[in-house]
Amino acid sequence: VHPGCNTGSGGYTTTDTTIAFEPIALTAMACGDPQSQVESAVLGVLQGDVMFSIDGESLVLTAQKVSGSGATGLVYRIS
């Protein structure tokens, strides 16, 4: 995973509608804004149980719990 500045990895399991993310281990590079803000928002969504759907060429992730960042979802588009 590359959420903004650092890189890392973590495990996950899936059902038909959710992805359950295990804790993500990241490198510890010092990042300035806006990269650190983006990274914090992305990591705030990618934890615990996350609902997902595929809409055309987009993967939509919606957090069931949000901690700190205020972000509630992410959209990844294939281009």
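**View 1. Strand β2 and strand β3 form an antiparallel pair.** Strand β2 (residues 12-14) meets β3 over three bridges, where pairing means that DSSP finds at least two bridges between two strands. Strands here are DSSP runs of E with at least two residues, and helices are runs of H or I with at least four residues, both numbered from the N terminus. Please keep in mind that this is a predicted model, in which local features need pLDDT of at least 70 and side-chain atom pairs count only at pLDDT 80 or more, while totals for chains, interfaces and linings use all residues. Residues are numbered from 1 along each chain as its sequence is written, and side-chain values use heavy atoms, with hydrogens and water left out. Three residues make the hairpin connection from β2 to β3. Within this pair, Thr13 has Ala20 of β3 as its bridge partner.

**View 2. Thr18 sits in strand β3 (residues 18-21).** Is Thr18 buried or exposed? Thr18 has a relative accessible area of 17% and is buried; buried means under 20% relative accessible area, exposed means over 50%, and partly exposed lies in between, using a 1.4 Å probe and protein chains only. The side chain of Thr18 makes a polar contact of 2.8 Å with the side chain of Thr15. A polar contact is a pair of N or O atoms within 3.5 Å; within protein, one must be able to donate a hydrogen and the other to accept it, and residues adjacent in sequence count only if both atoms are side-chain atoms. Leaving aside residues up to four places away in sequence, Thr18 touches Thr13, Val50, Met51, Phe52 and Gln64, contact being heavy atoms within 4.5 Å.

**View 3. β3 runs antiparallel to β5, joined by four bridges.** Met51 in β5 stands opposite Thr18, and Phe21 has Gly48 of β5 as its bridge partner. Follow Met51 onward and you reach Thr62, its bridge partner in β6. As a reminder for reading such views, side chains in a regular strand alternate between the two faces of the sheet.

**View 4. β5, β6 and β7 are linked through antiparallel pairings.** Strand β5 (residues 48-55) and strand β6 (residues 58-63) share six bridges, one of the partnerships being Phe52 with Leu61 of β6. Leu61 in turn has Leu74 of β7 as its bridge partner. Five bridges hold the pairing of β6 with strand β7 (residues 73-77). Two residues lie between β5 and β6 in their hairpin, and Gly56 in the turn has a positive phi of about 65 degrees. For context, most residues other than glycine have a negative phi, and most peptide bonds are trans.

**View 5. Cys5 and Cys31 form a disulfide.** The structure holds one disulfide, defined as a pair of cysteine sulfur atoms within 2.5 Å. In this one, the sulfur atoms of Cys5 and Cys31 are 1.9 Å apart. The link of Cys5 and Cys31 is left-handed, with -90 degrees about the S-S bond. Distant parts of the chain are brought into one link here: Cys5 belongs to the segment before β1 (8-9), and Cys31, 26 residues apart from it, to the loop between β4 (25-26) and α1 (35-45). Cys5 is buried at a relative accessible area of 10%, whereas Cys31 counts as partly exposed at 23%.

**View 6. A cis peptide bond joins Asp33 to Pro34.** Its omega is near 5 degrees. Pro34 has its place in the loop between β4 and α1.

**View 7. Helix α1 carries Glu39.** Which residues of α1 are buried? They are Glu39, Val42, Gly44 and Val45, and their cover includes β5, β6 and β7. Glu39 has no salt bridge although it is buried, and its nearest side chain of opposite charge, Arg77, is 20 Å away. A salt bridge is a side-chain nitrogen of Lys or Arg within 4 Å of a carboxyl oxygen of Asp or Glu; Lys and Arg count as positive, Asp and Glu as negative, and His and the chain ends are not counted. Beyond residues up to four places away in sequence, Glu39 touches Pro3, Gly4, Cys5 and Asn6.

**View 8. Pro3 lies in the segment before β1.** Pro3 is buried, at 3% relative accessibility. Not counting residues up to four places away in sequence, Pro3 touches Leu26, Val38, Glu39, Val42 and Leu43.
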